[in-house]
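Please open the structure in a viewer and keep the selection panel at hand. The tour below proceeds one selection at a time.

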There are 2 protein chains.
Amino acid sequence: MAQYSRARLDASFAALSDATRRGVLEQLGRSDASITALADKFHMTLTGMKKHVGVLEQAGLVATEKVGRVRTCRLGPRRLEEEVEWLERYRQLWDTRFDELDHVVAELKQREMLSPPKKRK
Amino acid sequence: MAQYSRARLDASFAALSDATRRGVLEQLGRSDASITALADKFHMTLTGMKKHVGVLEQAGLVATEKVGRVRTCRLGPRRLEEEVEWLERYRQLWDTRFDELDHVVAELKQREMLSPPKKRK
DNA sequence: AGAATACTGAGCCATATGGTTCAGTATCTA
DNA sequence: TAGATACTGAACCATATGGCTCAGTATTCT
């Protein structure tokens, strides 16, 4: 499960690290769209957009279906739950470290009061 | 601000897209560490780890300070707030789309009831 | 049927990434 | 002072990424 999650986080964070792809997700959040429509909206060739959609699809963030000659893209099955979880856990760690730092600072101040420091160099 | 945020999200999601770097962040959440200590822990050369730390530092996720010959790494100033915000907003979009889909399904079912298909039932 | 549309796939190009080695420099420690 | 330690920087390597063009195929429109 750790392995599984690792690859999953790798893929989704990588997918999210490109502004165009984030834009595509936001667009698909508003309405489904064809590859051509997305390519137009993001000022890019059809082929270029197809690659981006491929990356998003690989990461499970987009699902596509071809009907006739049009491939329609919509938001995929993943809700980025694990990703949010990871971030939340990180923030928790961060806050804890920050509190510790606060504590150290407070301790230093207290020591300073007890025995004032000598001249700094 | 949109521009600024775009580059920032690009950098932090890219930084998070590597399992080693996520591991480094988790480690630093537990305690500060030197480059050597991190390199050992993640079975990698010093130089390799230095690159990872550089990426994290560039993204503002890690801060380092060199004292004597040792460079100590600790969690950086950023708490990934914008990143969490982006993800939450995405999930909201996703939920909305899902609800719409639900609605469509409900509508279809209702129509089915009004004019039932001949064959079944 | 013929033309336009929508995608697909191969492949090119420049740059970035994740790792390495090797050769330093700076700083401890005995 | 000599040697070990900790980092630094350059350079190499293989692969991935983000774009592109070009040449298709399949579908739809007139």
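In which sense do strand 1 and strand 3 of chain A pair, and over how many bridges? Select residues 33-34 and residues 70-75 of chain A in this predicted model. The two strands pair in the antiparallel sense, over two bridges. Ala33(A) has Cys73(A) as its bridge partner in strand 3 of chain A.

**The hairpin of chain A**

Next, add residues 62-67 of chain A, which form strand 2. Strand 2 and strand 3 of chain A run antiparallel and are joined by six bridges. To locate one bridge, select Lys66(A), whose partner in strand 3 of chain A is Arg71(A). These two strands form a hairpin with two residues between them. In the turn, select Gly68(A), which has a positive phi of about 65 degrees.

**The hairpin of chain B**

Turn now to chain B and select residues 62-67 together with strand 3 of that chain. Here too the strands run antiparallel, with six bridges joining strand 2 of chain B to strand 3 of chain B. Val67(B) has Val70(B) as its bridge partner. Two residues lie between the strands of this hairpin, and Gly68(B) in the turn has a positive phi of about 65 degrees.

**Where chain A meets chain B**

Display both protein chains and select the residues in contact: 37 residues from chain A and 37 residues from chain B. The area buried between chain A and chain B is about 3400 Å², and carbon and sulfur atoms give 61% of this area. The count of salt bridges between the two chains is eight. One of them can be viewed by selecting Arg97(B) and Asp32(A), whose closest N and O atoms are 2.7 Å apart. On the chain A side, helix 1 (2-16), helix 2 (19-30) and helix 5 (81-114) each supply at least two residues. Helix 5 of chain A gives the most, with 13 residues. Coloured by class, this side of chain A divides into 17 nonpolar, four polar and 16 charged residues.

**Around DNA strand C**

Select DNA strand C and the 20 residues that surround this strand. The closest are Thr36(A), Lys50(A), Arg69(A), Lys51(B) and His52(B). Which element gives the most to the surface near DNA strand C? Helix 4 of chain B does, with four residues. Then inspect individual side chains. An N or O atom in the side chain of Lys66(A) is 3.1 Å from a sugar or linking oxygen of DNA strand C. The side chain of Arg69(B) has an N or O atom 3.2 Å from a base oxygen of DNA strand C. For the side chain of Thr47(B), the distance from an N or O atom to a base oxygen of DNA strand C is 3.5 Å.

**Around DNA strand D**

Finally, select DNA strand D, which 19 residues surround. Lys51(A), His52(A), Thr36(B), Lys50(B) and Arg71(B) are the closest. Of the atoms of DNA strand D within 4 Å of the protein, 68% belong to sugar or phosphate and the rest to bases. Select Arg21(A) to find a polar side-chain atom 2.8 Å from a phosphate oxygen of DNA strand D. Thr47(A) places a polar side-chain atom 3.4 Å from a base oxygen of DNA strand D, and for Thr47(B) the corresponding distance is 3.2 Å. By class, the surface near DNA strand D has four nonpolar, seven polar and eight charged residues.

Technical notes
Residues are numbered from 1 along each chain as its sequence is written. Chains are lettered from A and ligands numbered from 1 in the order in which they are written. This is a predicted model: local features need pLDDT of at least 70, side-chain atom pairs count only at pLDDT 80 or more; totals for chains, interfaces and linings use all residues. Side-chain values use heavy atoms; hydrogens and water are left out. Contact means heavy atoms within 4.5 Å. Buried area is the accessible area (1.4 Å probe) that two parts lose on being put together, summed over both. A salt bridge is a side-chain nitrogen of Lys or Arg within 4 Å of a carboxyl oxygen of Asp or Glu. Ala, Val, Leu, Ile, Met, Phe, Trp, Tyr, Cys and Pro count as nonpolar, Asp, Glu, Lys and Arg as charged, and the others, Gly among them, as polar. Two strands pair if DSSP finds at least two bridges between them. A residue is near a molecule or strand if one of its heavy atoms lies within 4 Å of it. A polar contact is a pair of N or O atoms within 3.5 Å; within protein, one must be able to donate a hydrogen and the other to accept it, and residues adjacent in sequence count only if both atoms are side-chain atoms.
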